[in-house]
Amino acid sequence: MAKWKIAVIGCGFFSNVQYLPNITKEADAECVAAVDIIEERAIEACEKYNIENHYKNVYELIENCDFDIAIDAASIQAHHEINMAILKAGKHLISQKPAAPSVEMLTEQIELAKKMNVKFVCVPIHPMRYDINIAKNIMSKGAIGNAYYARCNMSHGGPEYFQYRDADPSWFFEPGAGALVDMGVHGLQIVTSIFGPAKKINCMAKVTTPERTVRSGAYDGKGLKTDKIPDQYVITLDFGDGKMALVDTGFSQKASKAPSLEIFGDKGTISFTEPYMENPIPDVYIDIPEQDVRGWMKPMTGAEVPEKMISQCCCLKDIIRAIENDTEPVLNAEHARHILEIMCKIPEILETEKPAVLETTF
Ligand SMILES: NC(=O)c1ccc[n+]([C@@H]2O[C@H](COP(=O)([O-])OP(=O)(O)OC[C@H]3O[C@@H](n4cnc5c(N)ncnc54)[C@H](O)[C@@H]3O)[C@@H](O)[C@H]2O)c1
């Protein structure tokens, strides 16, 4: 018997590629329940991954199943209700992003987790990345001098284009979802992992593609109306202290050869060009004027070697460590709330064409 019993809520694309196949690889854990409002999906997951129980919703799960940690990987619009139910039941929670539609609702979740004395992890997982932690280690030792600017590109061609899925992707383009909360959240988590909380933000956004056609999977060929929410965003962040970032994000870049991330300092640059799940070492450019040396290198890891990632289910390792050691998880909910504040203020910026000042921190 594994030590930790996991329930997965939402048996769609992401659960099938990242959570369900990797739970046993990431921790001394097993999946004891699969939950989906489309029951066949939960049943299919049980058959495929040898899971004992399936349920139609979170309430049936709570009432009938003995589990320790829930992973909420349902559609974005369902997260708040699911998360509140799990926390109220006194269970530890990993929430897919964004955990709530507003800062106030996420604060409600954070306070409930504290009251129930359970751990609460919010993904994405970028602060656990090998390449980002190598970069942070060498930056902390001054490798690129004063790091003042990060440029991050987190885009793809859209969930109907980029990912093979058996579930209907229409919900990605409906209010409450959209490219900002689905993709922008990654870029915002990355740049705030590097420079910390932002103080001020600005943004431009457009609907580039008002109609789309599903390109693979069970809904191949289905036409989608995708004109309700922008699908391409250019976000600028001011961290104070001379530091800033640009996040270029959306569902409108079918392909790109741009590095997903570059960090610039007065003595050099760190460039991320390889898929991060392969645990690459980023390219580093260093300028040493006193020795008349400048150039690109692949640095060796220093004395501190970050942990490599196996899968995006690494969030399970994070929450289990937090439970076992009674510490804060790396993927903490206060960081998620800061990112959520940024995302919630963007519609207001688009309307007023004025930058917004941020109130939350982490
Ligand atoms: N790299 C990443 O971090 C990444 C990538 C893709 C998706 N995601 C996130 O994962 C989550 C799911 O996305 P997906 O691509 O798997 O979508 P999906 O549509 O393939 O799957 C979502 C599943 O949730 C189920 N569901 C909806 N409401 C529910 C409810 N109330 N209770 C139980 N089940 C419910 C749906 O029936 C569906 O099977 C989203 O939050 C999305 O943003 C993250």
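The legends below describe close-up views of a predicted model.

**Figure 1. The two domains of the protein and the contact between them.** The domain assignment divides the protein into domain 1, residues 4–125 + 313–331, and domain 2, residues 126–309 + 340–356. Taken over C-alpha atoms, the centres of domain 1 and domain 2 are 25 Å apart. Domain 1 gives 18 residues to the contact, and domain 2 gives 18 residues. On the side of domain 1 that touches domain 2, helix H6 (103–115) and helix H10 (314–325) each contribute at least two residues. By class, the residues on this side of domain 1 are 12 nonpolar, four polar and two charged.

**Figure 2. The shell of residues around the ligand.** The ligand is surrounded by 27 residues, and the closest are Gly10, Gly12, Phe13, Phe14 and Gln96. Of this shell, 16 residues are nonpolar, six are polar and five are charged. Helix H1 (residues 13–19) supplies the largest share, three residues. Where does the ligand lie with respect to domain 1 and domain 2? Both domain 1 (4–125 + 313–331) and domain 2 (126–309 + 340–356) give residues to the shell, so the ligand lies between them.

**Figure 3. Helix H3, its buried side and its exposed face.** Arg41, Ala42 and Ala45 are buried residues of helix H3, which spans residues 39–49. These residues cover an arc of only 100° around the axis, which puts them on the same side of H3. An α-helix has 3.6 residues a turn, so residues three or four places apart point the same way. Strand S2 (29–35) and strand S3 (53–55) are the elements against which the buried residues of H3 pack. Glu40 and Glu47 are exposed, on the face of H3 turned away from its buried side. Asparagine 50, with a positive phi near 55°, follows H3.

**Figure 4. Aspartate 131 in helix H7.** Helix H7 covers residues 130–140 and includes aspartate 131. Is aspartate 131 buried or exposed? Aspartate 131 has 25 C-beta neighbours inside 10 Å and therefore counts as buried, the cut-off for a buried residue being 20 or more. Leaving aside residues up to four places away in sequence, aspartate 131 touches Phe272, Tyr276, Pro280, Ile281 and Pro282. Alanine 322 is 191 residues from aspartate 131 along the chain, and 22 Å separate the C-alpha atoms of the two residues.

**Figure 5. The nine-stranded open sheet.** The strands follow the order S16-S15-S14-S13-S7-S12-S11-S8-S17, with mixed pairing. Strand S16 (293–297) and strand S17 (356–357) stand at the edges, and each has a single partner strand, so one side of each is left without a neighbour in the sheet. S8 and S17 run antiparallel and are joined by two bridges. In this pairing, isoleucine 201 stands opposite alanine 356 of S17.

**Figure 6. Strand S11 and its pairing with S8 and S12.** Strand S8 (residues 200–206) and strand S11 (residues 232–240) run antiparallel, joined by seven bridges. S11 is also joined to strand S12 (residues 243–250), by eight bridges and again in an antiparallel arrangement. Which residues pair with tyrosine 233? Alanine 205 stands opposite tyrosine 233 of S11, and threonine 249 is the bridge partner of tyrosine 233 in S12. The hairpin of S11 and S12 has two residues between the strands.

**Figure 7. Aspartate 241 and aspartate 292, two loop residues with positive phi.** Aspartate 241 is in the loop between S11 and S12, and its phi is near 55°. This residue counts as exposed because it has 11 C-beta neighbours inside 10 Å, where the cut-off for exposed is 12 or fewer. Aspartate 292 is in the loop between strand S15 (283–288) and S16, with phi near 55°. With 7 other C-beta atoms within 10 Å, aspartate 292 is exposed.

**Figure 8. Two cis peptide bonds, before proline 98 and before proline 124.** The bond from lysine 97 to proline 98 is cis, and its omega is near -25°. Proline 98 belongs to the loop between strand S5 (92–95) and H6. The bond from valine 123 to proline 124 is cis, with omega near 20°. The loop that holds proline 124 runs between strand S6 (120–122) and H7.

Note on methods:
Residues numbered from 1 in each chain as written. Predicted model: local features only at pLDDT ≥ 70, side-chain atom pairs only at ≥ 80, totals over all residues. Near = placed C-beta within 6 Å. Helix = DSSP H or I, 4+ residues; strand = E, 2+ residues; numbered from the N terminus. Nonpolar A, V, L, I, M, F, W, Y, C, P; charged D, E, K, R; others polar. Domains from an automatic or database assignment. Arc of directions from axis to C-beta. Contact = placed C-beta atoms within 7 Å. Pairing = 2+ DSSP bridges.
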